[in-house]
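User: I'd like a close look at one part of this model, with enough of the surroundings to see where that part sits. Could you walk me through it in plain bench language?

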Amino acid sequence: MNAIKNNIPNAITSLNLLCGALAIIMAFKYTPGGPDLYPYPALCYLLIALAAVADFFDGFSARLLHATSNIGAELDSLSDLVSFGLAPAMVLLCLMDINGAGNWAYVSLLIPVFGALRLARFNVDTNQTTTFTGLPIPANAIFWIGFTAWYAQFPCEPWIVAIAVVVLSYLMVCPLRMFSLKLHSLSPKENWAQYLLVISTIVLVAVLGLPGLAALIALYVILSLIKRDK
């Protein structure tokens, strides 16, 4: 029974990885002018969102069952790289290719490369419990869901996309301290940025739809800069 209990979190983490892998496959399934078997790239977004749910519950279940392990932590990072680094990068690459970006599309590969650097540093840094150093890779995925949802409707010059990729890649490895959404108290004075971000999520998505997620992550970075200076 202990063996089963100890592997429940790893099984949930594996679902995270599976959803990320399926999102990558779905990204390459779309053919312009062909039959639309699903609303592209909505299914990719759904799979990445399911990966995020699994990512939350694997840690939750590990703490609940007292089944944390070094293997579980490494498996979690590997799964996050696929689901929140490689999967959104492949959605972006395919959309850029569809819109005739040519070799510019390969700039999207910077996303998983810098995502891997971000996760590797997180794994050896013991100071990222209540705050993060650099943009967390799930937040990176949220941005690219929003950005690609906008780009799918309003294609822009590939160099503009390249700038966005470079900026987001740098944010994942930069020394900026970014706040966590985990609350240690309900004090509005201490957690004003967290509360503002939650309210902004509702407003931005209600007004802009999925593209509002990109604006949300931009706001998260700005709030982190403001909170750091206080």
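Analyst: First, the ground rule for naming: helices (H or I, at least four residues) and strands (E, at least two) are DSSP runs numbered from the N terminus. This is a predicted model, with local features needing pLDDT of at least 70, side-chain atom pairs counting only at pLDDT 80 or more, and totals for chains, interfaces and linings using all residues. Residues are numbered from 1 along each chain as its sequence is written, and side-chain values use heavy atoms, with hydrogens and water left out.

By that naming, Thr-13 belongs to helix α1, which spans residues 2–27. Thr-13 has a relative accessible area of 2%, so it's buried (under 20%; exposed is over 50%, partly exposed in between, with a 1.4 Å probe and protein chains only). Leaving aside residues up to four places away in sequence, Thr-13 is in contact with Asp-58, Leu-75, Asp-76 and Ser-79 (contact being heavy atoms within 4.5 Å).

Stepping back, you have 230 residues, 44% of them buried. There are eight helices and two strands, and from the N terminus the order reads α-α-α-α-β-α-α-β-α-α. If you take the contacts between residues at least 6 apart in sequence, 75% of them join residues at least 24 apart.

Now for the close look: let's zoom in on helices α5 and α6. Helix α5 covers residues 137–153 and α6 covers residues 158–173; their axes are 10 Å apart and the packing angle is about 170°. That angle makes α5 roughly antiparallel to α6 (over 145 degrees; under 35 is roughly parallel, 65 to 115 roughly perpendicular, the rest oblique). For the geometry, axes are lines fitted to C-alpha atoms, for helices over the stretch in contact, and angles run from 0 to 180 degrees between N-to-C directions.

Which residues of α5 meet α6? On the α5 side, you'll find Ile-137, Asn-140, Phe-143, Trp-144, Phe-147 and Tyr-151. Facing them from α6 are Val-161, Ala-164, Val-165, Leu-168 and Met-172.

Several of those α5 names turn up again when you look at the rings. Phe, Tyr and Trp rings (for Trp, the six-membered one) pair if their centres lie within 6.5 Å; planes under 30 degrees apart are stacked, over 60 edge-to-face, the rest tilted. By this rule there are seven aromatic pairs. One of them is Phe-147 with Tyr-151, a stacked pair at 6.4 Å centre to centre with 15° between the planes. Since these two are four residues apart in helix α5, about one helical turn separates Phe-147 from Tyr-151. Both rings belong to buried residues: Phe-147 has a relative accessible area of 10%, while Tyr-151 comes in at 1%. Ring pairs also join Phe-143, Trp-144, Phe-147, Trp-150 and Tyr-151 into a cluster.

For a contrast, try Phe-179 and Tyr-220, an edge-to-face pair at 5.0 Å centre to centre and 85° between the planes. Phe-179 is in strand β2 (residues 177–179) and Tyr-220 is in helix α8 (residues 212–228), so this pair ties together parts that are 41 residues apart in sequence. Here too the two residues are tucked away: Phe-179 is buried at 6% relative accessible area, and Tyr-220 is buried at 7%.

Back on α6, have a look at Val-166, which sits in that helix. Val-166 is partly exposed at 46% relative accessibility. In space, its C-alpha is 8.3 Å from that of Val-107, although the two valines are 59 residues apart in sequence. Tyr-106 is in the loop between α3 (70–98) and α4 (110–124), and Tyr-106 is exposed, at 52% relative accessible area. The C-alpha atoms of Tyr-106 and Leu-93 are 6.5 Å apart, with their positions 13 residues apart along the chain.

Last stop, the N-terminal end again. Ala-54, in helix α2 (residues 42–65), is buried with a relative accessible area of 8%. Leaving out residues up to four places away in sequence, Ala-54 touches Ile-12, Leu-15 and Asn-16. Its C-alpha lies 9.0 Å from that of Leu-17, 37 residues away along the chain. Met-26 is also in helix α1 and is buried at 15% relative accessibility; its C-alpha and that of Pro-41, 15 residues away along the chain, are separated by 8.1 Å.
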